[in-house]
Amino acid sequence: MNSYILLIALANVATLISGGALAVLANRAFRRTRADALRATAIGFGCLVVGAGGAGVLYLLGNPLMQGMLFQSVCTATGMSVLVYSLYRT
């Protein structure tokens, strides 16, 4: 295994853990307050987590690393856009 692939995998695991925790906390806060901004925050962090996990799964299934990186980049851009929206949501 290439050392870069190992570092990418470790970074994705860190993203899965921290992003997953943030998504769960935002979802709990949404359930308690019913604030639309918190629902959008949970969805945004969920997109980031799906991107990190999906990229790893794609690589493990034998797809090229670049395909996984593309998937992760699209999910990251989507998640960040939803997070920006959540900041403007009242």
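Begin by selecting S86, which touches A37, A40 and T41 when residues up to four places away in sequence are not counted. Before going further, keep in mind that what is on your screen is a predicted model.

**S86 and its surroundings**

With S86 still selected, follow the ribbon on either side of the residue, and you will see that S86 lies in helix α3. Is S86 buried or exposed? Its relative accessible area is 7%, and because buried means under 20% relative accessible area, S86 counts as buried. Now show the side chains of S86 and T41 together, since the side chain of S86 makes a polar contact with the side chain of T41, at 3.2 Å.

**Along helix α3**

Next, select residues 65-88, the stretch that forms helix α3. At 1.5 Å a residue, the 24 residues of this helix should span 34 Å, and the C-alpha atoms at its ends are 35 Å apart, which agrees with that expectation. Colour the buried residues of α3, which are G68, C75, G79, V82, L83 and S86, and look at how they are placed along the helix. An α-helix has 3.6 residues a turn, so residues three or four places apart point the same way. If you then ask what covers the buried residues of α3, the answer includes α2.

**Across to D36 and helix α2**

Select D36 now, and you will find it in helix α2, which runs over residues 36-60. How far apart in space are D36 and S86? Their C-alpha atoms are 7.8 Å apart, although the two residues are 50 residues apart in sequence. D36 has a relative accessible area of 27%, so it is partly exposed, whereas S86 is buried. Extend the selection to the whole of α2, whose 25 residues should span 36 Å at 1.5 Å a residue, and whose end C-alpha atoms are indeed 36 Å apart. Just beyond, pick out G62, which follows α2 and has a positive phi, near 100°.

**Helix α1 beside helix α2**

Add residues 3-33, which form helix α1, and turn the view until you can look at α1 and α2 together, for their axes come within 8 Å and cross at roughly 155°. Angles over 145 degrees count as roughly antiparallel, and α1 and α2 are therefore roughly antiparallel to each other. The crossing of these two helices, α1 and α2, is left-handed.

For a residue on the α1 side, select A26, which lies in helix α1. A26 has 8% relative accessibility and so counts as buried. Leaving aside residues up to four places away in sequence, A26 touches L38, T41 and A42; T41 is also among the residues that S86 touches. For a further distance to display, choose A26 and V84, which are 58 residues apart along the chain and whose C-alpha atoms are separated by 15 Å.

**Stepping back**

Finally, clear the selection and view the whole protein, whose secondary structure comes to 3 helices and 0 strands, in the pattern α-α-α when read along the sequence. Taken along the principal axes, its C-alpha atoms fill a box of roughly 45 × 20 × 20 Å. Of the 90 residues in the protein, 29% are buried. Among the contacts with a separation of 6 or more, 62% are between residues 24 or more positions apart.

Terms used: Residues are numbered from 1 along each chain as its sequence is written. This is a predicted model: local features need pLDDT of at least 70, side-chain atom pairs count only at pLDDT 80 or more; totals for chains, interfaces and linings use all residues. Side-chain values use heavy atoms; hydrogens and water are left out. Helices (H or I, at least four residues) and strands (E, at least two) are DSSP runs, numbered from the N terminus. Buried means under 20% relative accessible area, exposed over 50%, partly exposed in between (1.4 Å probe, protein chains only). The expected span of a helix is 1.5 Å times one less than its number of residues. Contact means heavy atoms within 4.5 Å. A polar contact is a pair of N or O atoms within 3.5 Å; within protein, one must be able to donate a hydrogen and the other to accept it, and residues adjacent in sequence count only if both atoms are side-chain atoms. Axes are lines fitted to C-alpha atoms, for helices over the stretch in contact, and angles run from 0 to 180 degrees between N-to-C directions. Angles under 35 degrees count as roughly parallel, over 145 as roughly antiparallel, 65 to 115 as roughly perpendicular and the rest as oblique. A crossing is left-handed if the near helix is turned anticlockwise from the far one by less than a right angle, and right-handed if clockwise.
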